[in-house]
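User: Please take me through the labels used for this structure, and show me for each one what value it rests on.

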Amino acid sequence: MKLIYAFIIALFLGACSSLELSVSPGLPDVSQTQPITVFALDNYTDTPQAGMRASNLIEGTLLAQGYTVVNAVSLQKPRFKEQLEYARKQGAEYFIAGGVSEWRYKTGIDGEPAVSLQVKMINVSSSQVVWNATASSNDWGNASIGTTAQSLIEAMFERE
């Protein structure tokens, strides 16, 4: 009987959060001494500074994995050519850019956090996208957007 209750609880808990993840193969094996420049993600939401918040979590995730990161989050919305030039001046081999499509608490009784991100890594030398990930997640009503986004970002940058 306990096994049945455990199964029902696990089923209920699993149904309350979801993760959709699409990641291109081959996250570059970046030297941990070679800096990666992280720019603020473009904000396509109604939440102020959602792109900066997501980029801050990306920076923290990369630092926790031992990478050297150049923080360019606070730069005023540089265009692609400006991002490329800034990353080149910083000696970075790659830079990270992308967008935030959702960063909010859903309406309703639980007010669940919902986050959707698109992140790409661009090779500074070739100006080509070498890796891309798109992900969306929602979580329990008592979870924060920050913890939901951090889990999502960690899944995006997970090494195989």
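User: What takes a positive phi in the hairpin of strand 6 and strand 7, and how many residues lie between the strands?

Analyst: The hairpin has 5 residues between its two strands, and one residue in it, S127, takes a positive phi near 65°. Strands here are DSSP runs of E with at least two residues, helices are runs of H or I with at least four, and both are numbered from the N terminus. Please keep in mind that this is a predicted model, in which local features need pLDDT of at least 70 and side-chain atom pairs count only at pLDDT 80 or more, while totals for chains, interfaces and linings use all residues. Residues are numbered from 1 along each chain as its sequence is written, and side-chain values use heavy atoms, with hydrogens and water left out.

User: How do you know that strand 6 pairs with strand 7, and what pairs with strand 6 in the antiparallel sense over 11 bridges?

Analyst: Two strands pair if DSSP finds at least two bridges between them, and 9 bridges join strand 6 to strand 7 (residues 129-138), so the condition is met, with the strands running antiparallel. The partner over 11 bridges, again antiparallel, is strand 5. To place the two pairings by residue, G99 stands opposite Q118 in strand 6, and K120 stands opposite N132 in strand 7.

User: What makes strand 6 largely enclosed by the rest of the structure?

Analyst: A residue is buried under 20% relative accessible area, exposed over 50% and partly exposed in between, using a 1.4 Å probe and protein chains only. In strand 6, 9 of the 11 residues are buried, and therefore the strand is largely enclosed by the rest of the structure. For the protein chain of 160 residues, 41% count as buried.

User: Why is E112 called buried, and where is it found?

Analyst: E112 is found in the loop between strand 5 and strand 6, and its relative accessible area of 18% falls under the cut-off, so E112 is called buried. Its side chain also makes a polar contact with the side chain of N138, at 3.5 Å. That term requires a pair of N or O atoms within 3.5 Å; within protein, one must be able to donate a hydrogen and the other to accept it, and residues adjacent in sequence count only if both atoms are side-chain atoms.

User: Why does T45 count as buried, and which residues does T45 touch?

Analyst: T45, in the loop between strand 3 and helix 2, has 17% relative accessibility and therefore counts as buried. Leaving out residues up to four places away in sequence, T45 touches A50, V100, S101, E102 and W103, where a contact means heavy atoms within 4.5 Å. A polar contact of 2.6 Å joins the side chains of T45 and N43, and a polar atom of the T45 side chain lies 3.0 Å from the backbone nitrogen of T47.

User: Why is the pair of F80 and F95 called tilted?

Analyst: Rings of Phe, Tyr and Trp (its six-membered ring) pair if their centres lie within 6.5 Å, and planes under 30 degrees apart count as stacked, over 60 as edge-to-face and the rest as tilted. F80 and F95 are 5.9 Å apart centre to centre with 50° between the planes, so both conditions for a tilted pair are met. Because F80 lies in helix 3 (residues 80-89) and F95 in strand 5, the pair ties together parts that are 15 residues apart in sequence. F80, at 38% relative accessibility, counts as partly exposed, whereas F95, at 0%, counts as buried.

User: What makes the pair of W131 and F157 tilted?

Analyst: The ring centres of W131 and F157 are 5.0 Å apart and their planes stand at 40°, so this pair is tilted. It links distant parts of the chain, with W131 in strand 7 and F157 in the segment after helix 4, 26 residues apart. W131 is buried at 2% relative accessibility, and F157 is buried at 1%.

User: How do you know that the span of helix 2 is close to the expected one?

Analyst: The expected span is 1.5 Å times one less than the number of residues. Helix 2 (residues 50-64) has 15 residues and reaches 21 Å from its first C-alpha to its last, close to the 21 Å expected. Its buried residues, among them A50, A54 and I58, pack against several elements, including strand 5 (94-105) and helix 4 (145-156).
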